[in-house]
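Here's a quick briefing to help you find your way around a structure you haven't met before. Take a look at it first, and then we'll walk through it topic by topic.

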Amino acid sequence: MSCSRNHATASEVAGLSSGVGVAFVSRVHTPVVDPETEAKARAIERGARQRKPLPRGVWIAAIVVSIACVVGLAIAWFEDRDTVALKPLDRPAPVISSGLWIGLLLGLGLGIAIGSLLAARAKK
């Protein structure tokens, strides 16, 4: 015996025919998913499963290159520790402006331009 569309009695859930000990148990509802979104998600999952892993040779080459870079940096660091400059670096004349304000204005202008382009594109 069902009292509402979303609930079933305990006897209905248990498959009992008698109405003794009636209690309400909520049914589990599945969320409504857009079929187009579901199809995209399945295509992405299928593509991920079909993707072949990188060959072992690529991983070995990457490890060799990274070890060579680290060893090169370590050698340069240890060999150049006690080197003294023969001539000090020339100091440029002090500059009044460090370029901070120019950089901030340039960044603000580019940010506004890019943001307005993206907003105009999103409206279309």
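The protein chain exposes about 12,000 Å², and carbon and sulfur atoms supply 67% of that area. Keep in mind that this is a predicted model. Of the chain's 124 residues, just 2% count as buried.

**Overall layout**

- The secondary structure adds up to four helices and two strands.
- Start at the N terminus and you'll meet the elements in the order β-α-β-α-α-α.

**Helix α2 on its own**

- Helix α2 covers residues 35-50.
- With its 16 residues, α2 reaches 22 Å from its first C-alpha to its last, close to the 22 Å expected at 1.5 Å a residue.
- How many of the 16 residues of α2 are buried? The number is zero, so this helix lies largely in the open.

**Salt bridges**

- The count of salt bridges comes to three, so let's take them in turn, given that a pair needs a Lys or Arg side-chain nitrogen within 4 Å of an Asp or Glu carboxyl oxygen.
- Lys40 pairs up with Glu36, and their closest N and O atoms are 3.6 Å apart.
- Both Lys40 and Glu36 sit in helix α2, four residues apart, which is about one turn of the helix.
- Lys40 is exposed, with a relative accessible area of 52%, and Glu36 is exposed too, at 51%.
- Glu38 forms a salt bridge with Arg42, with 3.5 Å between the closest N and O atoms.
- Glu38 and Arg42 are also both in helix α2, four residues apart, or about one turn.
- Is Glu38 buried or partly exposed? Glu38 has a relative accessible area of 30%, so it's partly exposed, because that class runs between the 20% cut-off for buried and the 50% cut-off for exposed.
- Arg49 and Glu45 bring their side chains together in a salt bridge at 2.6 Å, N to O.
- You'll find Arg49 and Glu45 in helix α2 as well, four residues apart, about one turn of the helix.
- Arg49 is exposed, at 67% relative accessible area, whereas Glu45 is partly exposed, at 41%.

**A nonpolar patch and helix α3**

- Which residues form a nonpolar patch on the surface? They're Ile63, Ile67, Val71 and Ile75, and together they have about 360 Å² of accessible area.
- One of them, Ile67, is found in helix α3, which covers residues 56-79.
- Ile67 has 48% relative accessibility, so it counts as partly exposed; exposed would take over 50%.

**An aromatic pair**

- The count of aromatic pairs comes to one.
- That pair is Trp77 with Phe78, and it's tilted: the ring centres are 4.9 Å apart, with 55° between the planes.
- The pair counts as tilted because its angle falls between the 30 degree limit for stacked and the 60 degree limit for edge-to-face.
- Phe78 is exposed, with a relative accessible area of 52%.

**Helix α4**

- Helix α4 takes in residues 100-123.
- At 1.5 Å a residue, the 24 residues of α4 should span 34 Å, and the end C-alpha atoms are indeed 34 Å apart, so the two values agree.
- The number of buried residues in α4 is zero, so this helix lies largely in the open.

Methods: Residues are numbered from 1 along each chain as its sequence is written. This is a predicted model: local features need pLDDT of at least 70, side-chain atom pairs count only at pLDDT 80 or more; totals for chains, interfaces and linings use all residues. Side-chain values use heavy atoms; hydrogens and water are left out. Patches are made of residues with over 30% relative accessible area and no salt bridge: like charges are joined within 9 Å, nonpolar side chains (Val, Leu, Ile, Met, Phe, Trp, Tyr) within 5 Å. Accessible areas come from the Shrake-Rupley method with a 1.4 Å probe; for residues, only the protein chains shown count as cover. Buried means under 20% relative accessible area, exposed over 50%, partly exposed in between (1.4 Å probe, protein chains only). The expected span of a helix is 1.5 Å times one less than its number of residues. Rings of Phe, Tyr and Trp (its six-membered ring) pair if their centres lie within 6.5 Å; planes under 30 degrees apart count as stacked, over 60 as edge-to-face and the rest as tilted.
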